[in-house]
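Reader: I'm new to this and would love a close look at one part of this model. Could you take the aromatic rings and walk me through them, then show me what surrounds them?

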Amino acid sequence: MENVDITQQDHTNVGLGPTALAAILFGAIAVLIGFDIVADYRSGSQFRHVAIEGLVMALAIAGVATLWRRFRIASQRATELTVDIEAARREAQRYRVEAAEALKGLGEAIEKQFIRWGLTTAEREVGLLLLKGLSHKEISMIRSTTETTIRQQALGVYRKSGVHSRTELSAYFLEDLLLPVQER
């Protein structure tokens, strides 16, 4: 998805949607009926005919007013949503920065623990990919080695770390990140 800086956009020109076009159409109809009423009155048409056309013109004007009001409300709402979207984008960017700092610290802590456990470079790479949730097959493709080799390296990670599974390995690093229920 492309990031668009909506603060640079012109919010005054929302565009003519169906509601605005219908309002313009009703306005044009009202004007044309107005011309017809004047012409009919000058030519001596019956009062009843002129009154009916006047009523139709009044309905057209009411339609214009109603549709224009809806158009203005929709335009205001679109502007408000644009402002809300921009605020959400700023909040998301702030979160990304904070999360990146936290993840950098977590990554450094994981690397230090892997070194303390005495993992080889290959085992550390496999351990990180296991923590990311990749399967043995996916890891073997990334590392250009056999799935059997990855399984052996994963077993080495488990043995040296004292855990028995990928779940326990993940829990070792993530358990302390989650606050106890009473602290949330």
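Author: Sure, let's start with the rings: the structure holds six aromatic pairs. Rings of Phe, Tyr and Trp (for Trp, its six-membered ring) pair if their centres lie within 6.5 Å; planes under 30 degrees apart count as stacked, over 60 as edge-to-face and the rest as tilted. Take Phe114 and Phe173: their ring centres sit 5.7 Å apart with the planes at 85°, so this pair is edge-to-face. Phe114 belongs to helix 2 (residues 47–116) and Phe173 to helix 6, so the pair ties together parts that are 59 residues apart in sequence. Helices here are DSSP runs of H or I with at least four residues, strands are runs of E with at least two, and both are numbered from the N terminus. Phe114 and Phe173 are both buried, where buried means under 20% relative accessible area, exposed over 50% and partly exposed in between (1.4 Å probe, protein chains only). Ring pairs also link Phe114, Trp117, Tyr172 and Phe173 into a cluster.

A quick word on where this comes from. It's a predicted model, so to speak of local features needs pLDDT of at least 70, side-chain atom pairs count only at pLDDT 80 or more, and totals for chains, interfaces and linings use all residues. Residues are numbered from 1 along each chain as its sequence is written, and side-chain values use heavy atoms, leaving out hydrogens and water.

Now, helix 6 (166–174) also turns up in the surroundings of helix 5: together with helix 3 (121–131) and helix 4 (136–143), it is among what covers the buried residues of helix 5. Those buried residues are Ile150, Gln153, Ala154, Gly156, Val157, Tyr158 and Ser161. Helix 5 itself (residues 147–161) has 15 residues and reaches 21 Å from its first C-alpha to its last, close to the 21 Å expected at 1.5 Å a residue; the expected span is 1.5 Å times one less than the number of residues. Right after helix 5 comes Gly162, with a positive phi near 80°.

For contrast, here's a phenylalanine on the outside. Phe35, found in helix 1 (residues 18–42), is exposed, with a relative accessible area of 59%.

Stepping back, the protein chain has six helices and zero strands. Of its 184 residues, 24% count as buried.

Definitions and conventions. Contact means heavy atoms within 4.5 Å.
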